[in-house]
Amino acid sequence: MNVEVDKDLCIGCGFCASTMPSVFELDDDGLSQVIKKENEEENTKEDILEVAEGCPTNAILVEEENEKE
Ligand code: SF4
């Protein structure tokens, strides 16, 4: 799974960075960036999806890659 932040959409509210500081942080411009793109733990994936849904501007893009079932 690949996680990106669209900085054109991000308003720097800090929700993602405060909720999952292991994955998101605010850069020098106060916009979110992904510091850890890949996670192998299922829990983390679900958490990332929840954070993405909680982003007020839908700036967090989550792309599922082909994975083993
Ligand atoms: S939750 Fe969304 S708008 Fe807020 S800092 Fe994160 S990416 Fe930006």
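**Close-ups of a predicted model**

**View 1. I60 and the residues it touches.** Leaving out residues up to four places away in sequence, I60 touches V3, V5, C16, V51, A52 and C55. This is a predicted model, so keep that in mind as you look around. You'll find I60 in strand 4. Is I60 buried or exposed? I60 is buried, because 24 other C-beta atoms sit within 10 Å, and 20 or more is what it takes to count as buried. Now look for E4: E4 and I60 are 56 residues apart along the chain, yet their C-alpha atoms are separated by 5.9 Å.

**View 2. The whole chain, for orientation.** Let's zoom out for a moment. The chain has 2 helices and 4 strands, and reading along the sequence you get the pattern β-α-β-β-α-β. How much of the chain is buried? Of its 69 residues, 17% are buried. Take the contacts in the chain with a separation of 6 or more: 58% of them are between residues 24 or more positions apart. The pair I60 and E4 gave you a taste of such a long step along the chain, at 56 residues apart.

**View 3. The largest nonpolar core.** Which residues make up this core? There are 11 of them: V3, C10, C16, M20, V23, F24, I48, V51, C55, A59 and I60. As a general habit, nonpolar side chains in soluble globular proteins tend to be buried together. Pick out C16 in this group and follow its contacts: setting aside residues up to four places away in sequence, C16 touches F24, S32, V51, C55 and I60.

**View 4. I48, a core residue on helix 2.** I48 sits in helix 2 and belongs to the largest nonpolar core. It counts as buried because 22 other C-beta atoms lie within 10 Å, and the cut-off is 20 or more. Which residues does I48 contact, if you skip its neighbours within four places in sequence? They are V3, M20, V23 and V62. Check M20 in particular: M20 and I48 are 28 residues apart along the chain, with 7.8 Å between their C-alpha atoms.

**View 5. K45, also on helix 2.** Stay on helix 2, which covers residues 42-54, and find K45. K45 is partly exposed, because it has 17 C-beta neighbours inside 10 Å, a count between the 12 for exposed and the 20 for buried. How far is K45 from V3 in space? From C-alpha to C-alpha, it is 9.8 Å, although the two residues are 42 apart in sequence.

**View 6. N58, in the loop after helix 2.** Move on to the loop between helix 2 and strand 4 (60-63), and there is N58. N58 is exposed, because 12 other C-beta atoms lie within 10 Å, and 12 or fewer counts as exposed. Take a look at its backbone too: N58 has a positive phi of about 55°, even though it isn't a glycine.

**View 7. L31, between strands 2 and 3.** L31 is in the loop that links strand 2 (24-26) to strand 3 (32-34). With 17 C-beta neighbours inside 10 Å, L31 counts as partly exposed. Skipping neighbours within four places in sequence, L31 is in contact with K7, C10, G12 and L26. Try the pair K7 and L31: they are 24 residues apart along the chain, and their C-alpha atoms are separated by 6.5 Å.

**View 8. The shell around the ligand.** Which residues come nearest to the ligand? Of the 14 residues around it, the nearest are C10, C13, C16, S32 and C55. The shell splits into 10 nonpolar residues, 4 polar ones and no charged ones. You've met some of these names already: C10, C16 and C55 are also among the residues of the largest nonpolar core.

Definitions and conventions
Residues are numbered from 1 along each chain as its sequence is written. This is a predicted model: local features need pLDDT of at least 70, side-chain atom pairs count only at pLDDT 80 or more; totals for chains, interfaces and linings use all residues. A residue is near a molecule or strand if its C-beta atom, placed from the backbone, lies within 6 Å of it. Ala, Val, Leu, Ile, Met, Phe, Trp, Tyr, Cys and Pro count as nonpolar, Asp, Glu, Lys and Arg as charged, and the others, Gly among them, as polar. A nonpolar core is a set of buried Ala, Val, Leu, Ile, Met, Phe, Trp, Tyr and Cys residues joined through C-beta atoms within 7 Å. Two residues are in contact if their C-beta atoms, placed from the backbone, lie within 7 Å.
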